[in-house]
Structure formats: structure tokens, C-alpha cells
Amino acid sequence: MAKRILIVGALDTKGAEFAYLRDQIAGLGADTLVMDIGVVGEPPFAPGIASAEVARAAGADLGQLRADHDRGAAMAAMGRGAAALARRLYDAGEIAAVVGMGGSGGASVIASAMRALPVQAPKLLVFTLAAGDMKPYLGSRNITVMPSIVDVAGLNRVSRQIFCHAAAAIVGMLDAAAPAEDDRPTLAASMFGNTTPCVDRARAALEAAGFEVLVFHATGTGGETMEGLIRDRLVAGVLDLTTTEWADEIAGGILSAGPTRLDAAAAAGVPQVVGPGCLDMANFGPRASVPPQHQGRLLYEWNPTVTLMRTTAEENALLGRIFAEKLNAARGPTRVLIPLRGFSMLDSPGERFWSPEADAAFVAALRADLRPDIPIEQLDANINDPAFADRAAAALLEMLGR
């Protein structure tokens, strides 16, 4: 892959700043390709990719975007076009990294291009709002953020220093790309505090069988990140035993990974072993932050900043139907493992969240709607018992031909 850095920015309003960044990167010996995302006026220099081309990649017309005078719609279109072009260039080996600078509007478009690239690609965003909420911009991607200190508006003694730092940072990240020293096939696994004993034991078995296992904390962002790596075809199989983010999605918890959780492995056709880890709980912040409609529910303060809420039989039945819908779309080998003695540490005989009736509601709904060729295997164990972890690892190894 060529060591070319894609520079993304609105040249109509920040042309001098991007010319300076381009020249700084070139002075460090790296090749550049400039993508213009400006929609207001003409750029002061000719970019490698004009804004009209970015708009076309989104199925839009630049002239029409200008005539409509709808800034939000224009930014959304340019974001889609920048993402499509960036991914196309990366897949073709024409770029290896991306850098951009801007305020909230420009950064939203630049970040769209960055989120389209896999984890291997260095990404640097120089941003006026770098001290605020980053999730809408970063998503689950490894985007490095640098505060611009002053606005990206003119060249001065502060901005020139920041732009020099940005040039050195992106060139350094590109030059420091880690070599592929581990040729073991990669697996993804989901884990939570309440399923740690299970996943740790299963991970050890999979690693002993010759796999590298990437473990993702099921905290919303963790599930989104795992799904993204699966979509990028970076994993050979998935041990998805901790699917608790779906409980947060339906119960209004704070750790949802969104409605596309469980989609990636099904679409990619990679082997997956799926379990109901921690579906017995939805997550909230401190006890006082639990919404009023849930204050009468069965709650447990896991620590001063995390309050867990036991899911009901009705919620578990809904989860069963959702899981069946998601897994029915699977194009590759899929197996479901059910621990009959509870879905977490807290959901075990004698513990606070132990509710065989609620767990059974999930299983019944799943079994009613799941494709008959997808096996459901039930084990007389808690999810954290060694027998369950060993069977989960063995099932995935079987599907992987080991």
C-alpha cells in the first residue's frame, strides 16, 4: 500500500490552513492527496479530489446542495461521499492514513471519512471541540483527536504550531505502523464483569488451540467496536457469550450498542457461538440516576457508579425474539449455548437476580422463532461454570475445523 496521507477539509473556508498542513507533511517526506469537502465556494488551490466529486459519491449534486441552502443536509451528503471515497481509496491501496481539521460541521464530515477506514489506518482529527463529547464524531473507531487550541481560522503563531504537530503526528503514526508479527487467526469475544470467569477460561482454551483472541468489554462502545472489526473481515470467528448490550437497548439502559448488535457476524458469515451472558441485567449510573419508572424494579448497586436492573420475563421474551431475528440472517455456522443455571454471577441459585422463569422466557421465545438448522444447546450450568466455558470454546473450535 502506498504511504500516502489523505487530507480532508473544507478548502473554501480553510484553504490556507490546509495548504500549510499539506506542505508540512510533504516536508516530512510523505505523499498527500487532498479531498475538498467545502460546499460554499471555490478552493484557493486545486485539490486531488474536488468537492463536486465528493457530492457525486453520495448521489448528490454540488450545485443543488449550494442552491438548497440547507447546511445540515449538505454536511450529511458530503459525509456520505467522503466516507465512500475514503474507503474506496484505502481498499485500492491509494491511501494509508487520513488527517483533517475543522469545527463541528467540518469535523462531522471528516470523521465520517475516518470511521469508514479500518483500525489499521492512522486517523488524526484536529478539532475545535476536542474537550467535549466525542462519541458522535469518533463512534467506535480509533480516531486520534488533537485540540486545535485556537479556531482553524487563519495562520498565526499558535495555529502554525498545532498544524506542525498534526503533520508530524500523522506522518509518525504512518511510519510507526505495527508489523504483522502474529500470524495466528483472530477471534473476537465479548465479556462483562459478570461473565469474566467464563470468557477468561474459554479464551485460554482458544489461545491454546492456536488463535489470537480479542476481548471486547460489552459496554456499548465495546460491542460496536467488535461489530466493526467483524464487518472489516478481521476475525475468523466470534465467541459472543456476553450479549447484555441488547438488554440495555430494550430497557433504556446506558450501555446499548444500538439495534445493529449481532448483525456483523451474521452478514459476514463467520462462525459464531452466541450466549445470553448478562441478559438478566440492564445498566444505569448511580442509584439516583435510574429513571423514575424503574425505581420500583429489582435494582442492585454493583458499585457507586453502576446500578444494575433485573430484566423481567416479558423483556427476556422480547430479547429471545430479537435474537432469533438476528441469528436467522446468519450466512455462516451459528450455535446458541444456554446456561440453565443462570446468565451471570448475579443470576445464579441464591443470588439477587436468580429468576429461572425470566431466563426460560428468553429460551422459549428464541426456540419458537429460530431457524431449525441453528442448534440450541442447553447446559446444566451457570454461564461462569468451567463446564460451560469449556463447551463454548469447543463448539467454536468445532465450527472452525479444529
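The following exercises, each with a worked solution, concern a predicted model.

**Exercise 1. The sheet and its edges**

Determine the order in which the five strands form the open sheet, and state which strands are the edge strands.

Solution. Begin with the order, which reads S2-S1-S3-S4-S5, with parallel pairing. Next look for strands that pair on one side only, and these are strand S2 (31–36) and S5. Then consider how neighbouring strands are turned against each other: with direction ignored, the average is 20°. Finally, take one pair in detail: strand S4 (residues 123–127) and S5 are joined by four bridges in the parallel sense, and valine 126 has methionine 146 of S5 opposite it.

**Exercise 2. Helices packed on the sheet**

Find which strands helix H1 (residues 11–27) lies across, and which strands helix H4 (residues 71–91) touches.

Solution. Start with helix H1, which lies across strand S1 (4–9), S2 and strand S3 (97–102), and which runs at about 160° to S1. Helix H4 also packs on the sheet, where it touches S1 and S2, and its direction makes about 155° with that of S2.

**Exercise 3. Two residues and their exposure**

Classify serine 148 as buried or exposed, and do likewise for glutamate 357.

Solution. Locate serine 148 first: it belongs to the loop between strand S5 (144–147) and helix H7 (157–175). Its relative accessible area is 4%, so serine 148 is buried, the cut-off for that class being under 20%. Leaving aside neighbours within four places in sequence, the contacts of serine 148 are Val126, Phe127, Thr128 and Ile162.

Turn then to glutamate 357, which is found in helix H13 (residues 356–369). Here the relative accessible area is 58%, and therefore glutamate 357 is exposed, since that class requires a value over 50%. As a last step, compare sequence with space: glutamate 357 and alanine 313 are separated by 44 residues in sequence, while their C-alpha atoms are 6.6 Å apart.

**Exercise 4. A pair of helices**

Decide how H8 and H14 are oriented to each other, and describe the residues of their contact.

Solution. The axes of helix H8 (residues 196–208) and helix H14 (residues 386–399) come within 8 Å, and they cross at roughly 40°. The two helices are therefore oblique to each other, and the crossing in which H8 passes H14 is right-handed. On the H8 side the contact involves Cys198, Arg201, Ala202, Ala205 and Leu206, which meet Pro386, Phe388, Ala389, Asp390, Ala393, Leu396 and Leu397 in H14. Sorted by character, the residues of this contact comprise 10 nonpolar, no polar and two charged.

Notes. Residues numbered from 1 in each chain as written. Predicted model: local features only at pLDDT ≥ 70, side-chain atom pairs only at ≥ 80, totals over all residues. Heavy atoms only, no water. Buried < 20%, exposed > 50% of the residue type's maximum accessible area, 1.4 Å probe, protein only. Axes fitted to C-alpha atoms, helices over the stretch in contact; angles between N-to-C directions. Parallel < 35°, antiparallel > 145°, perpendicular 65-115°, else oblique. Left-handed = near helix turned anticlockwise from the far one by under 90°. Contact = heavy atoms within 4.5 Å. Nonpolar A, V, L, I, M, F, W, Y, C, P; charged D, E, K, R; others polar. Pairing = 2+ DSSP bridges.
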